[in-house]
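Me: I have a model open and would like to check the words people use for it against the numbers. Could you go through it with me?

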Amino acid sequence: MVKMHKKRMGNRLSRQKLKTYLPYYVMLIPGMIYYLIYKFYPMYGATIAFKDFSMKEGITGSPFADPWYKHFQTFFQSPFCKDLLVNTVVISLMKILLGTFSAILLALLLNECRKMWLKRFAQTVTYMPYFLSWVVVYGITFAFFSEGSGVINKGLQQLGIDTVPFLTSNEYFRGILYGTSIWHNVGYSAIIYLASIASIDPRLYEAAAVDGAGRFRRIWHITLPGIRSTIITLFIINIGNILNAGFDQIFVMYNPQVYQSADIIDTWVYRTGLVGMQFELASAVGLFKSALGFFLVYFTNRLARRWGEGIW
(Lines give C-alpha, C1' and ligand atoms only; values in the text may rest on other atoms or scores of the structure.)
Protein backbone atom coordinates (compact mmCIF):
# COMPACT_ATOMS: atom_id res chain seq x y z
CA MET A 1 0.00 0.00 0.00
CA VAL A 2 2.81 2.39 0.85
CA LYS A 3 4.55 1.65 -2.45
CA MET A 4 1.32 2.17 -4.38
CA HIS A 5 0.74 5.48 -2.59
CA LYS A 6 4.29 6.67 -3.38
CA LYS A 7 3.86 5.65 -7.00
CA ARG A 8 0.60 7.60 -7.30
CA MET A 9 2.16 10.62 -5.66
CA GLY A 10 5.11 10.39 -8.04
CA ASN A 11 2.83 10.19 -11.07
CA ARG A 12 0.80 13.14 -9.80
CA LEU A 13 3.93 15.24 -9.30
CA SER A 14 5.16 14.27 -12.75
CA ARG A 15 1.87 15.39 -14.33
CA GLN A 16 1.98 18.65 -12.39
CA LYS A 17 5.56 19.31 -13.55
CA LEU A 18 4.57 18.49 -17.13
CA LYS A 19 1.69 21.00 -16.99
CA THR A 20 3.96 23.62 -15.42
CA TYR A 21 6.80 23.27 -17.94
CA LEU A 22 4.70 22.34 -21.01
CA PRO A 23 5.03 25.84 -22.60
CA TYR A 24 8.81 25.60 -22.29
CA TYR A 25 8.84 22.15 -23.90
CA VAL A 26 6.71 23.50 -26.76
CA MET A 27 9.19 26.37 -27.29
CA LEU A 28 11.98 23.80 -27.55
CA ILE A 29 10.33 22.05 -30.50
CA PRO A 30 11.46 24.48 -33.29
CA GLY A 31 15.05 24.32 -32.04
CA MET A 32 14.95 20.52 -31.83
CA ILE A 33 13.54 20.29 -35.37
CA TYR A 34 16.31 22.60 -36.62
CA TYR A 35 19.04 20.46 -35.06
CA LEU A 36 17.46 17.21 -36.29
CA ILE A 37 17.24 18.46 -39.89
CA TYR A 38 20.42 20.49 -40.22
CA LYS A 39 22.77 18.92 -37.66
CA PHE A 40 21.93 15.27 -37.01
CA TYR A 41 20.44 14.14 -40.34
CA PRO A 42 23.45 15.38 -42.40
CA MET A 43 25.70 13.17 -40.26
CA TYR A 44 24.55 10.32 -42.51
CA GLY A 45 26.48 12.00 -45.34
CA ALA A 46 29.71 11.52 -43.37
CA THR A 47 29.68 7.90 -44.58
CA ILE A 48 30.97 9.25 -47.91
CA ALA A 49 34.37 9.47 -46.21
CA PHE A 50 34.47 5.65 -46.17
CA LYS A 51 33.12 5.06 -49.70
CA ASP A 52 34.18 5.42 -53.31
CA PHE A 53 31.40 7.88 -53.92
CA SER A 54 29.57 8.02 -57.22
CA MET A 55 27.01 10.75 -57.89
CA LYS A 56 25.12 8.34 -60.12
CA GLU A 57 24.84 5.65 -57.43
CA GLY A 58 24.33 8.06 -54.55
CA ILE A 59 25.47 7.60 -50.96
CA THR A 60 23.57 4.37 -50.42
CA GLY A 61 24.60 2.71 -53.68
CA SER A 62 28.26 3.70 -53.63
CA PRO A 63 30.64 0.89 -52.60
CA PHE A 64 32.82 1.11 -49.50
CA ALA A 65 36.46 2.01 -50.07
CA ASP A 66 39.13 -0.64 -49.75
CA PRO A 67 40.76 -0.13 -47.31
CA TRP A 68 38.16 1.86 -45.34
CA TYR A 69 40.72 4.57 -44.45
CA LYS A 70 41.72 5.09 -48.09
CA HIS A 71 40.65 8.76 -48.30
CA PHE A 72 42.13 9.63 -44.92
CA GLN A 73 45.38 8.09 -46.15
CA THR A 74 45.21 10.22 -49.31
CA PHE A 75 45.13 13.37 -47.22
CA PHE A 76 47.85 12.40 -44.76
CA GLN A 77 50.15 11.18 -47.54
CA SER A 78 49.68 14.37 -49.54
CA PRO A 79 52.94 16.35 -49.87
CA PHE A 80 51.00 19.40 -48.67
CA CYS A 81 49.64 17.79 -45.48
CA LYS A 82 52.36 18.98 -43.09
CA ASP A 83 52.31 22.57 -44.37
CA LEU A 84 48.51 22.64 -44.28
CA LEU A 85 48.36 21.44 -40.67
CA VAL A 86 51.09 23.85 -39.54
CA ASN A 87 49.49 26.82 -41.31
CA THR A 88 46.04 25.99 -39.95
CA VAL A 89 47.15 25.53 -36.33
CA VAL A 90 49.51 28.55 -36.30
CA ILE A 91 47.02 30.94 -37.90
CA SER A 92 44.15 29.73 -35.71
CA LEU A 93 46.14 29.87 -32.46
CA MET A 94 47.46 33.35 -33.20
CA LYS A 95 43.95 34.57 -33.99
CA ILE A 96 42.64 33.09 -30.73
CA LEU A 97 45.44 34.50 -28.57
CA LEU A 98 45.63 37.94 -30.20
CA GLY A 99 41.86 38.20 -30.49
CA THR A 100 41.30 37.23 -26.84
CA PHE A 101 43.94 39.64 -25.55
CA SER A 102 42.63 42.50 -27.73
CA ALA A 103 39.00 41.92 -26.72
CA ILE A 104 39.85 41.81 -23.00
CA LEU A 105 41.99 44.95 -23.29
CA LEU A 106 39.22 46.81 -25.15
CA ALA A 107 36.62 45.68 -22.61
CA LEU A 108 38.80 46.90 -19.74
CA LEU A 109 39.39 50.26 -21.43
CA LEU A 110 35.67 50.74 -22.11
CA ASN A 111 34.79 49.71 -18.56
CA GLU A 112 37.23 52.24 -17.09
CA CYS A 113 36.03 55.06 -19.35
CA ARG A 114 34.07 57.55 -17.23
CA LYS A 115 32.67 59.68 -20.07
CA MET A 116 29.58 57.83 -21.28
CA TRP A 117 29.43 59.57 -24.67
CA LEU A 118 33.03 58.57 -25.39
CA LYS A 119 32.41 55.01 -24.20
CA ARG A 120 29.34 54.62 -26.43
CA PHE A 121 31.12 56.17 -29.41
CA ALA A 122 34.17 53.89 -29.02
CA GLN A 123 31.97 50.82 -28.55
CA THR A 124 29.94 51.63 -31.66
CA VAL A 125 33.02 52.28 -33.82
CA THR A 126 34.73 49.04 -32.73
CA TYR A 127 31.53 46.98 -33.06
CA MET A 128 30.52 48.14 -36.56
CA PRO A 129 33.20 46.18 -38.54
CA TYR A 130 31.66 42.92 -37.26
CA PHE A 131 28.72 43.47 -39.64
CA LEU A 132 30.94 43.83 -42.71
CA SER A 133 31.44 40.83 -44.97
CA TRP A 134 34.98 39.64 -45.63
CA VAL A 135 34.60 40.79 -49.24
CA VAL A 136 34.13 44.37 -48.02
CA VAL A 137 36.96 43.97 -45.50
CA TYR A 138 39.27 42.77 -48.27
CA GLY A 139 38.27 45.76 -50.41
CA ILE A 140 39.28 48.11 -47.58
CA THR A 141 42.49 46.13 -46.99
CA PHE A 142 43.35 46.25 -50.70
CA ALA A 143 42.80 50.02 -50.76
CA PHE A 144 45.36 50.44 -47.97
CA PHE A 145 47.92 47.68 -48.59
CA SER A 146 47.97 47.05 -52.34
CA GLU A 147 51.49 47.36 -53.71
CA GLY A 148 50.46 49.22 -56.82
CA SER A 149 47.66 51.50 -55.65
CA GLY A 150 47.46 51.16 -51.86
CA VAL A 151 47.45 54.27 -49.69
CA ILE A 152 50.40 53.07 -47.59
CA ASN A 153 52.61 52.21 -50.56
CA LYS A 154 51.69 55.46 -52.28
CA GLY A 155 52.92 57.26 -49.17
CA LEU A 156 56.13 55.23 -49.20
CA GLN A 157 56.71 56.17 -52.84
CA GLN A 158 56.26 59.84 -52.00
CA LEU A 159 58.97 59.44 -49.35
CA GLY A 160 61.29 57.70 -51.83
CA ILE A 161 60.99 54.31 -50.06
CA ASP A 162 60.49 51.01 -51.90
CA THR A 163 56.97 49.63 -51.89
CA VAL A 164 56.13 46.61 -49.73
CA PRO A 165 54.16 43.61 -51.15
CA PHE A 166 51.90 43.21 -48.12
CA LEU A 167 49.27 41.06 -49.91
CA THR A 168 51.58 38.93 -52.06
CA SER A 169 54.47 38.20 -49.69
CA ASN A 170 54.61 35.24 -47.31
CA GLU A 171 56.55 37.45 -44.92
CA TYR A 172 53.73 39.95 -44.39
CA PHE A 173 50.50 38.17 -45.32
CA ARG A 174 49.86 36.45 -41.98
CA GLY A 175 50.19 39.80 -40.24
CA ILE A 176 47.47 41.15 -42.54
CA LEU A 177 45.27 38.18 -41.61
CA TYR A 178 45.76 38.73 -37.88
CA GLY A 179 45.24 42.47 -38.08
CA THR A 180 42.05 42.32 -40.15
CA SER A 181 40.67 39.50 -37.97
CA ILE A 182 41.18 41.57 -34.80
CA TRP A 183 39.67 44.69 -36.41
CA HIS A 184 36.67 42.70 -37.63
CA ASN A 185 35.86 40.78 -34.42
CA VAL A 186 37.27 42.68 -31.43
CA GLY A 187 34.18 44.84 -30.87
CA TYR A 188 31.81 41.89 -30.75
CA SER A 189 34.08 39.86 -28.46
CA ALA A 190 34.54 42.83 -26.11
CA ILE A 191 30.79 43.00 -25.54
CA ILE A 192 30.85 39.51 -24.03
CA TYR A 193 33.61 40.49 -21.61
CA LEU A 194 31.86 43.77 -20.78
CA ALA A 195 28.73 41.83 -19.84
CA SER A 196 30.84 39.60 -17.62
CA ILE A 197 32.50 42.62 -15.99
CA ALA A 198 29.06 44.15 -15.31
CA SER A 199 28.13 41.10 -13.21
CA ILE A 200 30.99 41.72 -10.72
CA ASP A 201 29.79 43.03 -7.35
CA PRO A 202 30.55 46.81 -7.19
CA ARG A 203 31.14 46.53 -3.43
CA LEU A 204 34.39 44.70 -4.17
CA TYR A 205 35.72 47.78 -5.96
CA GLU A 206 34.52 50.04 -3.17
CA ALA A 207 36.23 47.91 -0.52
CA ALA A 208 39.45 47.81 -2.57
CA ALA A 209 39.38 51.59 -3.01
CA VAL A 210 38.92 52.06 0.75
CA ASP A 211 41.96 49.82 1.31
CA GLY A 212 44.00 52.10 -0.95
CA ALA A 213 44.08 49.95 -4.11
CA GLY A 214 44.64 51.96 -7.28
CA ARG A 215 42.86 51.46 -10.60
CA PHE A 216 45.39 48.97 -11.98
CA ARG A 217 45.37 46.91 -8.77
CA ARG A 218 41.55 46.77 -8.86
CA ILE A 219 41.69 45.56 -12.46
CA TRP A 220 44.33 42.93 -11.66
CA HIS A 221 42.83 41.60 -8.42
CA ILE A 222 39.08 42.05 -9.04
CA THR A 223 38.14 42.51 -12.70
CA LEU A 224 40.36 39.87 -14.29
CA PRO A 225 39.60 37.16 -11.69
CA GLY A 226 35.91 38.08 -12.02
CA ILE A 227 35.85 37.32 -15.75
CA ARG A 228 38.16 34.31 -15.57
CA SER A 229 35.32 31.83 -16.12
CA THR A 230 34.20 33.71 -19.26
CA ILE A 231 37.75 33.77 -20.63
CA ILE A 232 38.20 30.03 -20.05
CA THR A 233 34.78 29.14 -21.50
CA LEU A 234 35.39 31.11 -24.71
CA PHE A 235 38.91 29.69 -24.96
CA ILE A 236 37.58 26.11 -24.73
CA ILE A 237 35.00 26.83 -27.43
CA ASN A 238 37.64 28.42 -29.69
CA ILE A 239 40.01 25.48 -29.20
CA GLY A 240 37.31 23.22 -30.65
CA ASN A 241 37.45 25.28 -33.85
CA ILE A 242 41.23 25.39 -34.05
CA LEU A 243 41.32 23.55 -37.39
CA ASN A 244 38.95 26.03 -39.04
CA ALA A 245 41.25 29.10 -38.95
CA GLY A 246 38.68 31.29 -40.73
CA PHE A 247 38.00 29.89 -44.20
CA ASP A 248 35.89 32.87 -45.33
CA GLN A 249 38.59 35.41 -44.56
CA ILE A 250 41.49 33.45 -46.05
CA PHE A 251 39.58 32.32 -49.14
CA VAL A 252 38.69 35.92 -50.00
CA MET A 253 42.11 37.40 -49.23
CA TYR A 254 44.74 34.84 -50.26
CA ASN A 255 46.32 34.16 -53.65
CA PRO A 256 48.71 31.53 -55.10
CA GLN A 257 51.75 33.62 -54.16
CA VAL A 258 51.02 33.19 -50.43
CA TYR A 259 49.96 29.52 -50.42
CA GLN A 260 53.13 28.69 -48.49
CA SER A 261 52.03 30.68 -45.43
CA ALA A 262 48.25 30.97 -45.82
CA ASP A 263 46.94 27.79 -47.43
CA ILE A 264 44.94 25.95 -44.74
CA ILE A 265 43.08 22.66 -44.64
CA ASP A 266 39.72 24.14 -45.67
CA THR A 267 41.07 26.05 -48.67
CA TRP A 268 42.96 22.96 -49.88
CA VAL A 269 39.85 20.81 -49.44
CA TYR A 270 37.83 23.37 -51.39
CA ARG A 271 40.25 23.28 -54.33
CA THR A 272 41.02 19.56 -54.25
CA GLY A 273 37.87 18.04 -52.81
CA LEU A 274 35.02 20.23 -54.03
CA VAL A 275 36.31 21.91 -57.18
CA GLY A 276 38.11 18.68 -58.10
CA MET A 277 34.87 16.69 -57.39
CA GLN A 278 36.62 14.45 -54.82
CA PHE A 279 33.74 14.53 -52.35
CA GLU A 280 35.04 11.51 -50.43
CA LEU A 281 38.28 13.37 -49.66
CA ALA A 282 36.40 16.49 -48.54
CA SER A 283 34.19 14.39 -46.24
CA ALA A 284 37.16 12.50 -44.80
CA VAL A 285 39.01 15.69 -43.92
CA GLY A 286 35.85 17.24 -42.47
CA LEU A 287 35.29 14.16 -40.31
CA PHE A 288 38.91 14.26 -39.15
CA LYS A 289 38.56 17.93 -38.17
CA SER A 290 35.32 17.29 -36.26
CA ALA A 291 36.77 14.34 -34.34
CA LEU A 292 39.94 16.23 -33.44
CA GLY A 293 37.90 19.28 -32.41
CA PHE A 294 35.77 17.12 -30.10
CA PHE A 295 38.82 15.66 -28.35
CA LEU A 296 40.47 19.07 -28.03
CA VAL A 297 37.35 20.50 -26.37
CA TYR A 298 37.10 17.47 -24.07
CA PHE A 299 40.72 17.56 -22.88
CA THR A 300 40.83 21.36 -22.65
CA ASN A 301 37.71 21.26 -20.49
CA ARG A 302 39.26 18.59 -18.25
CA LEU A 303 42.37 20.74 -17.89
CA ALA A 304 40.24 23.79 -17.03
CA ARG A 305 38.38 21.86 -14.33
CA ARG A 306 41.62 21.61 -12.37
CA TRP A 307 41.26 25.35 -11.76
CA GLY A 308 37.60 24.98 -10.87
CA GLU A 309 36.36 26.12 -14.30
CA GLY A 310 35.01 24.41 -17.39
CA ILE A 311 31.88 24.09 -19.51
CA TRP A 312 30.71 20.89 -17.87
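Reply: Gladly! Let's start with a term we will need: a polar contact is a pair of N or O atoms within 3.5 Å, and within protein one must be able to donate a hydrogen and the other to accept it. Please keep in mind that this is a predicted model.

Me: What makes the pair formed by the side chain of serine 102 and the backbone oxygen of leucine 98 a polar contact?

Reply: A polar atom of the serine 102 side chain lies 2.7 Å from the backbone oxygen of leucine 98. The cut-off is 3.5 Å, so this pair counts as a polar contact. Serine 102 belongs to helix H4, which covers residues 81-112.

Me: Why is serine 102 called buried?

Reply: Its relative accessible area is 19%, and buried means under 20%, so serine 102 falls on the buried side of the cut-off. Setting aside neighbours within four places in sequence, serine 102 is in contact with Ile182 and Val186.

Me: Why does threonine 180 count as buried?

Reply: The relative accessibility of threonine 180 is 9%, which is under 20%, so the word buried applies. Threonine 180 sits in helix H8, residues 173-198.

Me: Which backbone oxygens does the side chain of threonine 180 reach?

Reply: One is the oxygen of isoleucine 176, at 2.8 Å. Another is the oxygen of leucine 177, at 3.1 Å. Each of these distances is within 3.5 Å, so each pair qualifies as a polar contact.

Me: What does threonine 180 touch, not counting residues up to four places away in sequence?

Reply: Threonine 180 touches Trp134, Val137, Thr141, Gln249 and Met253. The word rests on heavy atoms within 4.5 Å.

Me: Is tryptophan 220 buried or exposed, and how do you know?

Reply: Exposed: tryptophan 220 has 58% relative accessibility, and the word is used for values over 50%, so the label fits. You will find tryptophan 220 in helix H10, residues 215-226. Its C-alpha atom is separated by 46 Å from that of proline 42, 178 residues apart along the chain.

Me: What about methionine 27, buried or exposed?

Reply: Methionine 27 has 58% relative accessibility, over the 50% limit, so it counts as exposed. Methionine 27 is part of helix H1, residues 2-40. Between methionine 27 and isoleucine 197 there are 31 Å from C-alpha to C-alpha, and they are 170 residues apart in sequence.

Me: Why is valine 136 called partly exposed?

Reply: Valine 136 has 39% relative accessibility, and partly exposed covers what lies between 20% and 50%, so that is the term to use. Valine 136 is in helix H6, residues 134-145. The C-alpha atoms of valine 136 and valine 252 are separated by 9.8 Å, although these residues are 116 residues apart along the chain.

Me: What makes the phi of alanine 245 worth a second look?

Reply: Most residues other than glycine have a negative phi. Alanine 245 is not a glycine, yet its phi is positive, about 65°. Alanine 245 is found in the loop between helix H11 (228-240) and helix H12 (247-253). With a relative accessible area of 6%, under 20%, alanine 245 is therefore buried.

Me: Which phi does methionine 277 have, and where is this residue found?

Reply: Methionine 277, also not a glycine, has a positive phi of about 60°. It is found in the loop between helix H14 (265-275) and helix H15 (279-305). At 48% relative accessibility, methionine 277 is under the 50% limit and not under 20%, so it is partly exposed.

Me: How do you know that the peptide bond joining aspartate 66 and proline 67 is cis?

Reply: Its omega is about 0°, and the bond is cis. Most peptide bonds are trans. Proline 67 is found in the loop between helix H2 (58-61) and helix H3 (70-76).

Me: How does the radius of gyration of the chain stand against that of a compact globule?

Reply: The chain has 26 Å, but a compact globule of 312 residues would have a radius near 20 Å. The C-alpha atoms fill a box of roughly 95 × 75 × 35 Å along the principal axes. Of the 312 residues, 32% count as buried.

Me: And how many helices and strands does the chain have?

Reply: There are 15 helices and zero strands.

Note on methods: Residues numbered from 1 in each chain as written. Predicted model: local features only at pLDDT ≥ 70, side-chain atom pairs only at ≥ 80, totals over all residues. Heavy atoms only, no water. Helix = DSSP H or I, 4+ residues; strand = E, 2+ residues; numbered from the N terminus. Buried < 20%, exposed > 50% of the residue type's maximum accessible area, 1.4 Å probe, protein only. Rg over C-alpha atoms; globule rule 2.2 N^0.38 Å.
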